[in-house]
Amino acid sequence: MEKDIFGKALLDYQLGNYSEDIITWTNISDKDELPLPYLFRDYSEMPKLERKALQLTKGKVLDVGCGSGSHALYLQEKGFEVKAIDISQGAIKVAKQRGVLDTECISLLDYSEEQFDTILLLMNGTGIFQEVQQVASYLKHLKSLLKPNGQLLIDSSDIKYMYEDEDGGRWLNLSGRYYGELDYYLSYKGEEETPMKWLYLDFEMLKTACLTVGLNCEKVMHGEHFDYLVRIKK
């Protein structure tokens, strides 16, 4: 996030300057509002996949892409030791202000200081992988951050449905790009962020990628809309 518009929006909300929401869109979808209050949700407002991931959490925790710190705060209150990381400086400032004790503004691939019992990648955690060709290298790095018997809890969605027309036919682009690789755009108060690559992975693709790096991937549950949660172990 080169301009950190996401961080600016979170800071505005945290400081009581909430006047409008973030606008997001992709190369295959129209503009949509991302309500700022949703990014500050408590446990009762979280989707069931996120609640399930938090229920399965154990031991020392790494929260990757922590945002405003909602997951980390919930786990801290339950007595967990949580390290929260994000590439957004604004998000990290907000997480600190909200009470997350151990935060760092750093990308996942640059982090290698310690190992964890549980690593969380939630709110389409596979998005951080950006492209299919990078999934294995991210999974290898995550594997190196796991303690023996540690677990990764990741959610994603199979977005094949977004390519269906009204008759149920599909117009998947077979030119080589995986259908879950999207260009993701974000704007806030009239300012546009530098476009990002964002990846949605279907379960079979994620499971295969895990096997290639010596990880076991099991589906824990389905969500409301083509989304799913997996637990990945060595």
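Modeller: Before we start, contact here means heavy atoms within 4.5 Å. Keep in mind that this is a predicted model.

Colleague: Okay, which residues does Leu139 touch, leaving out those up to four places away in sequence?

Modeller: With those left out, Leu139 touches Phe129, Leu152, Ala209, Cys210, Val213 and Leu215. Leu139 also turns up among the residues with the most contacts inside the largest nonpolar core, alongside Ile119, Phe129 and Leu152.

Colleague: What makes a set of residues a nonpolar core?

Modeller: The members have to be buried residues of certain kinds, Leu, Ile and Phe among them, joined through side-chain atoms within 4.5 Å. The largest such core here has 37 residues. Strands S3 (61-64), S6 (116-121), S7 (146-157) and S12 (227-233) each give it two or more residues, and so do helices H5 (135-144) and H6 (203-212). There's also a second, separate core of 21 residues, including Ala53, Val61, Ile92 and Leu122.

Colleague: Why would nonpolar side chains be found together like that?

Modeller: As a general rule, in soluble globular proteins they tend to be buried together.

Colleague: Now Gln76. Why is this residue called buried?

Modeller: Its relative accessible area is 18%, and the cut-off for buried is under 20%. So Gln76 counts as buried. You'll find Gln76 in helix H3 (residues 70-77). Setting aside residues up to four places away in sequence, Gln76 touches Val82, Gly99, Val100, Leu101 and Asp102.

Colleague: How do you know that Cys66 and Cys105 aren't bonded to each other?

Modeller: A disulfide needs the two sulfur atoms within 2.5 Å. The sulfur of Cys66 is 9.1 Å from the one in Cys105, its closest cysteine sulfur, so that's too far for a bond. Cys105 is in no disulfide, and the structure holds 0 of them.

Colleague: Are those two cysteines buried or exposed?

Modeller: Cys66 has a relative accessible area of 5%, so it's buried. Cys105 is at 36%, and partly exposed runs between 20% and 50%, so Cys105 counts as partly exposed.

Colleague: Last one: what makes helix H1 "mostly covered"?

Modeller: Just count: 7 of the 10 residues in H1 (residues 5-14) are buried. They are Ile5, Phe6, Gly7, Ala9, Leu10, Leu11 and Asp12. Those buried residues pack against strand S1 (22-26), helix H4 (89-98), strand S8 (181-188) and strand S9 (191-192). Just after H1, Gly16 takes a positive phi of about 85°.

Methods: Residues are numbered from 1 along each chain as its sequence is written. This is a predicted model: local features need pLDDT of at least 70, side-chain atom pairs count only at pLDDT 80 or more; totals for chains, interfaces and linings use all residues. Side-chain values use heavy atoms; hydrogens and water are left out. Buried means under 20% relative accessible area, exposed over 50%, partly exposed in between (1.4 Å probe, protein chains only). Helices (H or I, at least four residues) and strands (E, at least two) are DSSP runs, numbered from the N terminus.
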